[in-house]
Amino acid sequence: MPTPLTAIIADAIRSHGPITVAEYVELALYHPEHGYYSAAERRSGREGDFFTAVDLGPVFGELLAVQVAEMLPHVGGPPFDLVEAAAGSGRLSRALLDHLERLSPETYAATRVHLVERSPAALAAQAAVLGRHAARVASSGPRLPGTIRGVVFANELLDALPPHLVVMRKEGLREVHVGLADEALVPLERAPSTPALQAYLERAGARLEPGWFAEVNLAARAWVGEAARALDCGFLLLLDYGHEASQLYGAAHPSGTLTTFRRHAAEDHASGPSWLREPGERDITSHVDLTTLRLAGEAAGLDHLGTVDQTYFLLGLVGAIESSLAEPGALERRLALKTLLLPGGLGSTHKAAVFGRGVGRPALAGLGGRRRLT
C-alpha cells in the first residue's frame, strides 16, 4: 500500500535515478516528517511492532546503573558525562538514573546527562519522562556532545542504522538499489556505489559465495568512530543483536538479515522484499557486524575490553540488586529479569560490547563472568 513516503521516494528516483538501500532506509526510518522513527514518540512495547529490554520495566536500567556506577570512578573525577545514544523519550535513562541515585548519590549528583535522539516527537517527551532527573540534562538533540568524559551507551541503535545491501554474483560484487517499475518500488542490482563496500568486506574477512546477500553498514562503523573521537576519557557500551563477521557473512545467513518487524513478527519475503513495503510504516533492521565494530573502535584509539552475550553481561551485575528482587511485590521485576537472561531470547541474541579510553583494563562486573558469544 502506498504511503506518503512512497511518493517522495519515487520522485527522488525519477529525478536522480535508483537509490541505494542505505538511502532508502534512511528515508523510510528517519525522514523528518514521515519516517518510521521520526513520526512517533515510541514504536516498541505491547502496542508497537517489537519489544526491547526497556519495555520489560526498570530492571534493565537498574542493572546498567550498577555497571555505570562501577565505571565512572575510573574516569578520574567529576563531573561525569552520561550519554545515551538513541535515547528515545528517555525511559532507559530514567530507570538508570533512578537506581544510580539510590546506589551512589554522590556520583548521581556529579553526573551530566546527554540524550542523543533524532525523533522530534521523542525529544519533546523527554522532560516529562525524566521527571526530576530533567534537571541533570546538559544537552538533548540529534548529535553526540563534542567532548565526553564518562560513559556513552546505546541500546539497539546500530541495528537501526541504514545499511547497504550487496549480493555476490559470478562476475563479482553487486549492490542492490531501489528503482521504479510501473510506478512501484523494486530492487535492482547495479555496480557498487562506492569501493568502500568491497573494502569493508575484505577487512571483516567476509567470503561471500555467489548468490549470497549481505548488509554492509558503513553508517554503524562511522558512528562508532564518531563516538570514539568524542570520548576523551571513559567507556563506550553498545548493546545490540549481531554476530561476528565469520558467522554473519556465512552459510547461516545466505539471504542476509535485512528485514522488517510488524506487530512483533518478522515480515516474510514471499511476495518480495518486506523492507520495500509501506515505507515509513514499519521497522527496518539488520544484524550488527561485531567484528567491524571492534575494528572501528580500535582504529579510533579505543581499547576493546570485551564482547559477551547479554545474559553473561547482566549476570555479572545482578548480584547488586538481588535483595530488591526478593522483596514482596517484586514478582514482575523477577519475570522481567528472567526474560532478559533467557538463552535463545534477548539474553543470547543480544550482545554487550565494551570499549574504553584512558581507563586501563578494569575488571568490570559485566565482563567478569564467562566470556561467551553465541
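# Cavities, cores and a one-sided helix

The largest cavity is lined by 15 residues, and those nearest its centre are Tyr-200, Asn-217, Ala-220, Val-288 and Asp-289. The model is a predicted one. About 90 Å³ of space lies in this largest cavity. At least two residues of its lining come from each of helix H8 (218-230), strand S14 (288-289) and helix H10 (290-299). By class, the lining of the largest cavity holds seven nonpolar, four polar and four charged residues.

In total, the structure holds three cavities of 30 Å³ or more. Rolling a probe the size of a water molecule over the atoms is what shows where empty space is left. The second largest cavity has a volume of about 40 Å³. Its lining is made up of Glu-244, Leu-290, Leu-293, Arg-294, His-304, Thr-307, Ala-353 and Phe-355. H10, strand S15 (303-309) and strand S16 (350-357) each supply at least two residues of that lining, and H10 gives the most, with three residues. The lining of the second largest cavity divides into four nonpolar, two polar and two charged residues. H10 thus appears at both cavities: it supplies at least two lining residues to the largest and three to the second largest.

Tyr-200, one of the residues nearest the centre of the largest cavity, belongs to helix H7 (residues 196-204), where the buried residues are Leu-197, Tyr-200, Leu-201 and Ala-204. Seen down the axis of H7, these buried residues fall within an arc of 95°, so they line one face of the helix. An α-helix has 3.6 residues a turn, so residues three or four places apart point the same way. On the other side of H7, Glu-202 and Arg-203 are exposed. Just after the helix, Gly-205 takes a positive phi of about 75°.

Beyond the cavities, the nonpolar cores can be followed. The largest nonpolar core has 48 residues, and Phe-60, Leu-64, Phe-313 and Val-354 are those with the most contacts inside it. Helix H3 (residues 59-71) gives the largest share of this core, nine residues. Apart from this core lies another, of 26 residues, including Ile-148, Val-224, Ala-228 and Val-288. Val-288 is also one of the residues nearest the centre of the largest cavity.

Within the 48-residue core, Phe-313 can be taken on its own. Leaving aside neighbours within four places in sequence, Phe-313 is in contact with Leu-64, Gln-67, Leu-237, Leu-239, Val-308, Ala-352, Val-354 and Gly-366. Among these partners, Leu-64 and Val-354 are also listed with Phe-313 as having the most contacts inside the core.

Ala-87 sits in the loop between strand S2 (80-85) and helix H4 (91-103). With a relative accessible area of 5%, Ala-87 is buried, because buried means under 20%. Not counting residues up to four places away in sequence, Ala-87 touches Leu-115, Val-116, Glu-117 and Gln-126. Its C-alpha atom is separated by 9.9 Å from that of Glu-156, 69 residues apart from Ala-87 along the chain.

For the protein as a whole, the secondary structure comes to 14 helices and 16 strands. Buried residues make up 56% of the 374 residues. Of the contacts between residues at least 6 apart in sequence, 77% join residues at least 24 apart.

Conventions:
Residues are numbered from 1 along each chain as its sequence is written. This is a predicted model: local features need pLDDT of at least 70, side-chain atom pairs count only at pLDDT 80 or more; totals for chains, interfaces and linings use all residues. Side-chain values use heavy atoms; hydrogens and water are left out. Buried means under 20% relative accessible area, exposed over 50%, partly exposed in between (1.4 Å probe, protein chains only). Helices (H or I, at least four residues) and strands (E, at least two) are DSSP runs, numbered from the N terminus. The arc is that of the directions from the helix axis to the C-beta atoms. A nonpolar core is a set of buried Ala, Val, Leu, Ile, Met, Phe, Trp, Tyr and Cys residues joined through side-chain atoms within 4.5 Å. Contact means heavy atoms within 4.5 Å. On a 1 Å grid over the protein atoms alone, a cavity is a set of points where a 1.4 Å probe fits but cannot get out, and a pocket is an open set with protein on both sides within 12 Å along at least five of seven lines; lining residues have an atom within 4 Å of a point. Grid points are joined across faces, edges and corners, and a volume is the space filled by probe spheres set on the points. Ala, Val, Leu, Ile, Met, Phe, Trp, Tyr, Cys and Pro count as nonpolar, Asp, Glu, Lys and Arg as charged, and the others, Gly among them, as polar.
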